[in-house]
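Let's take a friendly walk through this structure, starting with its strands and ending with a few backbone details. Keep the view open as you read.

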Amino acid sequence: MRLYAVTDSAWLRGRTLAECVRQAIAGGATFVQLREKHASTDELVALADTIIPVCRAAGVPFVIDDDVEAALRSGADGVHVGQSDVACADARRALGARAIVGVSAQTVEQARAAQAAGADYLGVGALIPTPTKPDAADVSREELAAICAAVDIPVVGIGGLNVDTVDVLDGTGAAGAAVVSALFAASDVEAAARKLRERLGSLDLR
Ligand SMILES: Cc1ncc(COP(=O)(O)OP(=O)(O)O)c(N)n1
Ligand SMILES: Cc1nc(C(=O)O)sc1CCOP(=O)(O)O
Ligand SMILES: [Mg+2]
């Protein structure tokens, strides 16, 4: 989960999402989430149909944000749910034991509850305020470290992470960085991913 790429079609500028994802993986992304907040379930399934072959060819896990039905219909590897989305246990029931279910957590209590409910990993943020998700809660580096210490499942940090800020993860116990704009807003997604992977490689991560 070193470099977790979260999509945002707002940055396509004539490119396809599948091509941007291909570039992200070529540069070193290890995990992909389809996150398109304005897309319907049908639209998510159609997008997933274009991205899943790219991820499968590279052996990179692919999950969909929020929408369990889209994950089921598309054959995605799983889903990522937040505290206001479908409950982790319900997503697990719908998708099955082998599916990946990721959960957002902002506190140690939420993190422990998600692990107990069967989450495979946690996304914790926002570590740095970000225009990509202006309504995200603030989570400090110390709170991230406390969450990492409280659970056994991998934790990725999220929110405002780029090549200049990703050092915030160093020594916290996090497994990696989840990134939207630092990848998908770049004109060269592959080069952006490569730089991030290099920087992440120099950090003390789980
Ligand atoms: C890896 C990762 N971590 C956190 C989130 C945020 O999920 P959520 O709180 O449900 O907010 P939305 O993304 O649905 O706006 C995430 N998507 N991925
Ligand atoms: C999708 C998401 N979730 C967050 C959280 O804190 O849970 S922050 C966020 C957006 C991250 O975008 P960027 O990498 O462009 O800052
Ligand atoms: Mg959500």
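## Strands around ligand 1

A good place to begin is ligand 1, where three strands each supply at least two residues of the surrounding shell: β1 (3-6), β5 (100-105) and β7 (155-158). Please bear in mind throughout that this is a predicted model. The shell around ligand 1 is made up of 16 residues, and the closest are G82, S104, G123, I158 and A178. Sorted by class, the residues around ligand 1 comprise 5 nonpolar, 6 polar and 5 charged.

## The barrel

How many strands make up the closed barrel? There are 8, running in the order β1-β2-β3-β4-β5-β6-β7-β8, and their pairing is parallel. On average, neighbouring strands of this sheet are turned by 25° against each other, direction ignored.

For a look at one pair, turn to β6 (residues 121-124) and β7, which are joined in the parallel sense over 3 bridges. Here G123 stands opposite V156 of β7. You have met G123 already, as one of the closest residues to ligand 1.

## Ligand 2

Ligand 2 has a shell of its own, with 18 residues around it. The closest of them are G125, A126, T130, T132 and S181. What is the make-up of this shell by class? Around ligand 2 there are 8 nonpolar, 8 polar and 2 charged residues.

## Helix α1 and its two partners

Helix α1 (residues 17-27) packs against helix α8 (residues 189-201) at an angle of about 35°, and their axes lie 7 Å apart. The crossing of α1 and α8 is right-handed. On the α1 side, the contact is made by C20, Q23, A24, A26 and G27. On the α8 side, V189, E190, A191, A192, A193, R194 and R197 take part. By class, the contact of α1 with α8 contains 7 nonpolar, 2 polar and 3 charged residues.

Helix α1 also meets helix α2 (residues 41-58): the two axes come within 9 Å and cross at roughly 20°. With angles under 35 degrees counting as roughly parallel, α1 and α2 are therefore roughly parallel to each other. Their crossing is right-handed. In this contact, L17, A18, V21, R22 and I25 of α1 meet L47, T50, I51, V54 and A58 of α2. The residues of the contact of α1 with α2 divide into 8 nonpolar, 1 polar and 1 charged.

## Helices α5 and α6

Further along the chain, helix α5 (residues 108-116) packs with helix α6 (residues 141-150) at an angle of about 30°, with 9 Å between their axes. Helices α5 and α6 are therefore roughly parallel to each other, and their crossing is right-handed. Which residues make this contact? From α5 come V108, A111 and R112, while α6 contributes A146, I147 and A150. The contact of α5 with α6 has 5 nonpolar residues, no polar ones and 1 charged.

## Backbone details worth a look

Two loops deserve a closer look. As background, most residues other than glycine have a negative phi, and most peptide bonds are trans. Is the peptide bond from G125 to A126 cis or trans? The bond is cis, with omega near 10°. A126 sits in the loop between β6 and α6, and both G125 and A126 are among the residues closest to ligand 2.

The other case is R13, in the loop between β1 and α1. Phi of R13 is near 45°, which is a positive value in a residue other than glycine.

Definitions and conventions: Residues numbered from 1 in each chain as written. Chains lettered and ligands numbered in written order. Predicted model: local features only at pLDDT ≥ 70, side-chain atom pairs only at ≥ 80, totals over all residues. Near = placed C-beta within 6 Å. Nonpolar A, V, L, I, M, F, W, Y, C, P; charged D, E, K, R; others polar. Helix = DSSP H or I, 4+ residues; strand = E, 2+ residues; numbered from the N terminus. Axes fitted to C-alpha atoms, helices over the stretch in contact; angles between N-to-C directions. Parallel < 35°, antiparallel > 145°, perpendicular 65-115°, else oblique. Left-handed = near helix turned anticlockwise from the far one by under 90°. Contact = placed C-beta atoms within 7 Å. Pairing = 2+ DSSP bridges.
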